[in-house]
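Visitor: I would like to learn how to read a model like this one. Where do we begin?

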Protein chains: 2
Amino acid sequence: MSVGIRHDDLRRRNRAMVISAVRRAGQPSRTEIAATTGLSHSTISAISSDLIAEGILAQSKASEAGSLKRGRPQVGLTLNPEAAAVMTVVLSLNFLSVAVIDYAGHVVAEEQRRLTTLTLSRDELVGECVSIVRRRLEDPDLDVRSVARIALGIQGITDSHARAMLWSPITPLTDIPFADILEREFGIPATMENDCNMMAVALRWRDPERYRDDFIAILLSHGIGMGLVLKGELFTGTHSSGGEFGHMIHRPGGALCRCGRRGCVEAYAGNYAIWRNAMQLGEDAEPTDVGDAEMRALAARARETDGPEREAYRKAGEALGYGLGSLFALIDPAPVAMVGVSAAAFDLIEPSLREAIAQTAGGQHSKSISFDTEPNELPLIREGCAMRALTFVDQEIFAPGAPVRTTATAMASHELA
Amino acid sequence: MSVGIRHDDLRRRNRAMVISAVRRAGQPSRTEIAATTGLSHSTISAISSDLIAEGILAQSKASEAGSLKRGRPQVGLTLNPEAAAVMTVVLSLNFLSVAVIDYAGHVVAEEQRRLTTLTLSRDELVGECVSIVRRRLEDPDLDVRSVARIALGIQGITDSHARAMLWSPITPLTDIPFADILEREFGIPATMENDCNMMAVALRWRDPERYRDDFIAILLSHGIGMGLVLKGELFTGTHSSGGEFGHMIHRPGGALCRCGRRGCVEAYAGNYAIWRNAMQLGEDAEPTDVGDAEMRALAARARETDGPEREAYRKAGEALGYGLGSLFALIDPAPVAMVGVSAAAFDLIEPSLREAIAQTAGGQHSKSISFDTEPNELPLIREGCAMRALTFVDQEIFAPGAPVRTTATAMASHELA
DNA sequence: CTCTTTTTTTCGAGCCTCAAAAAAATCCTG
DNA sequence: CAGGATTTTTTTGAGGCTCGAAAAAAAGAG
């Protein structure tokens, strides 16, 4: 049963409010914050002077540009970049990348590393992650002692508590509690996030106009993934990261999917599916890894001549269209962002996709559904992880006088409960 | 952007907390409430004495039964039945039923009426609803001047603001803003709810052990509908009532659905679909209305001999199974309640349903998914509407000193803003 | 240099919640 | 049957929080 609101929660929540207003608006004045939060000027004034004293916010005198107004000029409030830092760890096929991000959201350090994720043992894979994090934390060039949170992003299924990877296409291993491992190793709170969810978080951050309360991010890559934002909140399953759009059933008993079942959307629209259809290997052909370059070449051939390559993309579009149609029957249509290497071939996919959607319940407004494409998923995933981690820090710094792990500028008096 | 918490919100929310605790627990003591809400005894004491003074709660001396404990005996708090009343209006095929329910949730009056919904004009249909409500409101036998809210339930699609019926199988008419109409006519706040959503609300209320945070209610009747509760909240679409499970695509380009499209789950599992398959009329046969008695006879024949009737139920199970499988790919498996006349034939449906689910991503734990059946949807819908309306009243009575529309026992001093 | 305008801070009032103590209501024990 | 023992409920005082109004601050306009 949901719990009552205590008196001290009030301040905590309103501090949260102010911080997130600053994070979103960039450099809002106190007056602006009062307007967006609906709180009184006095409250905003009190809270922001607290936050400034604690080193979380900073004043940026110049309100820039059009300061042509009469009256006392507004004072912009900004996030103090030194208030804290977060680290993102993105693990994808044969690739591990880490970045350190300051509290204002700027990358201050990064490191990338190639490795063969498919063949590494459990200890090796975990070891690689731990050691790359350690290297960044121990970097003498940089004061990263203030890293307050780590967000890991991984392709695959994570649990709903954001603690563990349950399954991933990048490794045969399962159930690795990465978040717990890093947390124990470094004593820094960590979470394990699903790649497509992070894509959605990043899109919302990049373009809040377009991706606001309801939208869908679909990863078109080796596999098919989805990140879903409904009513302004990331939609996750009840036990897992959820939203396994790629494994909705397109054709019962149909083509062989990488997951071992038959007829999933992915078995028609994943890179391997497009590839085997283009090569006319049959729908039961074992899924194989196809490089990005090869996929781009395939798309080029499909654009050139009307052969099996084009047909393969047509089938992918059909599967995606019917899948989206079923999804739209459940959640109402919403803007869609197509991300990943096959999003660059969206011109080949779109016609049959729209045709299929038009055959479904969600297709009533088929024409009004808009698609956007973004061929490169990695930057999005990292941005999403960064925002996710920073938001956690925002939430934790609220606890008055009990900043989780901040720089010396913040008061470090009280201890954690 | 979400809004800050004002100081007076605090009291309002905590009052809400207390009221809902009483509604859920039936007759909790103050101490019990303090425990479940996490608020202090003093706060609960203050709030509940306010609520008693306002006539919203009442004390029931006897804590009944096992009062064998030492110490000062607990005083049970109950909802004052006279604090307010609500009305439910359930509109289904050829049937209109109304009930008046007191604040404690007991039916105090009802009226039912047969009519031919499919042929009534817009004005006639609206007129029937208005006049049946008026009759109940003007009933001299009963003091129903305190009706504080009306909840309408209807089969079909409603808008997400719960104002209008957008589409319904019980009438060819569309876009009727029932809630606005009743609200204007009687000056009583009203909402328009989707039938399956109300089924879900009622199930949760009936059996909170089983139907708690995540579950699915599926209506197996003429059409196929769904009510979905995720993370303790009713899941609705962003524009409409959403959850059009029946119109997820089972077989692209497949059987003709009542909605005019092809291959929907409903086109295999709706009553008309089972009927036409059993009668071997072909998958393109025009959907026809089939009576409940005929469906029961059909089920009996299917149980008797292994003929086309049994095959029709098998196909229905397959469609439902693949549909559920796709759904479970998105939201993780959850307990399912099958409601409606065909739920009584679930024994015929279950085998192929489970087999189909096992072929899907959600089917990993296929065996652990549990199904419950309830052949009669109408009582559930009415109960759901009642709870929904009462919950609204709970929310509105919170506003301190501004009860929306209560009996004379409640202080009626302040006016609405 | 003074007036106007706008932003920000200060201050007192009014609530709200909380912890601790007091009061109330019953059972238990000798 | 009186005096604990025990548990629930109410009372009380303290501390916080937000709010509105007023004051202070910081410019531009004339």
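Guide: Start at a DNA backbone. This is a predicted model. A polar backbone atom of Ser40(B) lies 3.0 Å from a phosphate oxygen of DNA strand C. The side chain of Arg11(B) places an N or O atom 3.1 Å from a phosphate oxygen of DNA strand C. Arg70(A) has a side-chain N or O atom 3.2 Å from a sugar or linking oxygen of that strand.

Visitor: Which elements give two or more residues to the surface near DNA strand C?

Guide: In chain A they are α2 (30-37) and α3; in chain B, α1 (7-25) and α3. The largest share, four residues, comes from α1(B).

Visitor: Which residues come nearest to DNA strand C?

Guide: There are 27 residues around the strand, and Thr31(A), Ser45(A), Gly71(A), His7(B) and Asn14(B) come nearest. Of the strand atoms that come within 4 Å of the protein, 72% belong to sugar and phosphate. By residue class, this surface has five nonpolar, 14 polar and eight charged members.

Visitor: Now the other strand. Which residues come nearest to DNA strand D?

Guide: Thr43(A), Thr31(B), Ser45(B), Arg72(B) and Val75(B), out of 27 residues around DNA strand D. Sugar and phosphate make up 67% of the atoms of DNA strand D within 4 Å of the protein. The surface near DNA strand D divides into five nonpolar, 14 polar and eight charged residues.

Visitor: What polar side-chain atoms lie by the phosphate oxygens of DNA strand D?

Guide: One belongs to Asn14(A), at 2.8 Å from a phosphate oxygen. Another belongs to Arg30(B), at 2.7 Å. Gln74(B) also has a side-chain N or O atom 3.0 Å from a phosphate oxygen of DNA strand D. Two or more residues of this surface come from each of α1 (7-25) and α3 (41-53) of chain A, and α2 (30-37) and α3 (41-53) of chain B. With four residues, α1(A) gives the most.

Visitor: Next, a sheet. How do I read the strand order?

Guide: Strands of a sheet pair through backbone hydrogen bonds, parallel or antiparallel. In chain A, an open sheet of three strands has the order β7-β8-β9, with antiparallel pairing. Its edge strands are β7 (157-158) and β9 (174-176), each pairing on one side only. Two bridges join β7(A) to β8 (residues 165-167) of chain A. Thr158(A) stands opposite Met165(A) of β8(A).

Visitor: And a helix? How do I tell its buried side from its exposed side?

Guide: An α-helix has 3.6 residues a turn, so residues three or four places apart point the same way. Take α9 (residues 292-304) of chain A: its 13 residues should span 18 Å at 1.5 Å a residue, and the end C-alpha atoms are 19 Å apart, which agrees. Met295(A), Leu298(A), Ala299(A) and Ala302(A) are its buried residues. They cover an arc of only 100° around the axis, so they sit on the same side of α9(A). Ala293(A) and Glu304(A), on the other side, are exposed.

Visitor: One last feature, backbone angles. What is the phi of Asp332(A)?

Guide: Positive, at about 70°, although Asp332(A) is not a glycine. Asp332(A) lies in the loop between α10 (308-331) and β14 (336-339) of chain A.

Visitor: Is Asp332(A) buried or exposed?

Guide: Buried, because its relative accessibility is 10% and the cut-off is under 20%. In chain B, Asp332(B) also has a positive phi of about 70°. Asp332(B) lies in the loop between α10 (308-331) and β14 (336-339) of chain B, and at 10% relative accessibility Asp332(B) counts as buried.

Key: Residues numbered from 1 in each chain as written. Chains lettered and ligands numbered in written order. Predicted model: local features only at pLDDT ≥ 70, side-chain atom pairs only at ≥ 80, totals over all residues. Heavy atoms only, no water. Near = heavy atom within 4 Å. Polar contact = N/O pair within 3.5 Å; in protein donor to acceptor, adjacent residues only side chain to side chain. Nonpolar A, V, L, I, M, F, W, Y, C, P; charged D, E, K, R; others polar. Pairing = 2+ DSSP bridges. Expected span 1.5 Å × (residues − 1). Buried < 20%, exposed > 50% of the residue type's maximum accessible area, 1.4 Å probe, protein only. Arc of directions from axis to C-beta.
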